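Grab a viewer and work through the exercises below. Each has a task and then a solution in steps.

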Amino acid sequence: MDVADLSRIAERALRGSRMDSVGLYLLGEDGAFDCGVILGMPDAFVRAYETTGVPIDPVLARVRETGAPSSTLTALGERWRTCQLYQRVSGRFGLHGFATLPLYEGERMSGVLYLGAMSAETAARLDAEGMCALTVGATQVSTMVMATPRRRPGLTLRQNDVARLASEGLCNRAIAEALDTGEAAVRKHLKALNRIFETGNRTAMAAAWRRAQG
């Protein structure tokens with residue numbers, strides 16, 4: 001499934017939930033984040049969450065542990081504003097709270113749906129009663145994800161970042177600086193991207209990546 005498909009599904013989830021932002025990520029067979037999108041938040045937040053937030057996200061950890069939906073309100077309550085995720089990522093962008101809902105393909109957790117609140121009023125909907133209503137939407141998202149044809153192998157988060165920056169014309173050194181990594185790692189990702197898109201150079205790969213965005 002490509003980013004365009006995920007964005008289309010995420011937009012429907014955002015409208016149906018009446019929340020302020022939405023994130024939709026698919027998980028690989030090993031449970032690691034594979035590919036995803038976040039709508040309603042700036043690119044800086046997306047980069048911060050994907051690089052810094054995921055490993056320290058206590059709500060995501062609760063969902064992985066229990067397999068059940070959770071939110072900043074139900075999992076943390078008043079401790080939300082003192083946790084690392086809020087102080088290092090979410091609080092910087094005015095995110096008052098969010099829900100994390102697991103998506104399933106059979107018995108396997110195949111993805112997660114995030115629904116974010118940018119105001120105290122919206123965040124109040126993340127209580128136990130509100131989570132029941134939001135879970136209905138997550139079930140619908142799971143159905144849409146499973147019904148969408150797999151157009152090509154999914155990119156990892158870092159592969160997608162490299163492809164996006166390459167499509168913007170950045171050289172390897174600039175990409176490495178933007179992603180806080182080394183040029184050798186960038187070259188490795190570009191090689192993998194050419195293999196995935198069946199292209200022979202970065203220009204052709206970037207063009208193929210742009211077409212995949214819809």
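**Exercise 1. Place Gly 23 and find out what surrounds it.**

Gly 23 sits in strand 1; strands (E, at least two residues) and helices (H or I, at least four) are DSSP runs, numbered from the N terminus. Before going on, note that this is a predicted model: local features need pLDDT of at least 70, side-chain atom pairs count only at pLDDT 80 or more, and totals for chains, interfaces and linings use all residues. Residues are numbered from 1 along each chain as its sequence is written, and side-chain values use heavy atoms, with hydrogens and water left out.

Step 1: check burial. Gly 23 has a relative accessible area of 2%, so it is buried (buried means under 20%, exposed over 50%, partly exposed in between; 1.4 Å probe, protein chains only).

Step 2: list the contacts (heavy atoms within 4.5 Å). Leaving aside neighbours within four places in sequence, Gly 23 touches Val 37, Ile 38, Val 112, Leu 113 and Tyr 114.

Step 3: look at the backbone. The C-alpha atoms of Gly 23 and Leu 115 are 6.5 Å apart, although 92 residues separate the two along the chain.

**Exercise 2. Describe how strand 1 and strand 2 pair.**

Step 1: count bridges (pairing takes at least two DSSP bridges between two strands). Strand 1 and strand 2 run antiparallel and are joined by six bridges.

Step 2: match residues across the pair. Val 22 stands opposite Leu 39 in strand 2.

Step 3: inspect the turn. The hairpin has five residues between its strands, and Gly 31 takes a positive phi near 85° there.

Step 4: ask how enclosed strand 2 is. Six of its seven residues are buried, so strand 2 is largely enclosed by the rest of the structure.

**Exercise 3. Which residues touch the most other members of the largest nonpolar core?**

Step 1: fix the term. A nonpolar core is a set of buried Ala, Val, Leu, Ile, Met, Phe, Trp, Tyr and Cys residues joined through side-chain atoms within 4.5 Å.

Step 2: pick out the hubs. The core has 27 residues, and Tyr 25, Phe 33, Phe 45, Tyr 49 and Tyr 114 touch the most other members.

Step 3: trace the contributors. Elements supplying at least two residues each include strand 1, strand 2, helix 3 (58-66) and strand 5 (108-117). Helix 2 gives the most, with five residues.

Step 4: look for a second core. Another one, of 26 residues, lies apart and includes Leu 6, Cys 35, Leu 113 and Ala 138.

**Exercise 4. Work out which way helix 9 faces.**

Step 1: find the buried residues. In helix 9 (residues 172-179) they are Asn 172, Ile 175, Ala 176 and Leu 179.

Step 2: view down the axis. These buried residues fall within an arc of 100°, so they line one face of helix 9 (the arc is that of the directions from the helix axis to the C-beta atoms).

Step 3: turn to the other side. Arg 173 and Glu 177 are exposed on the face turned away from the buried side.

Step 4: identify the cover. Helix 8 (157-167), helix 10 (183-197) and helix 11 (202-212) are among what covers the buried residues of helix 9.

Step 5: check what follows. Asp 180, just after helix 9, has a positive phi, near 55°.
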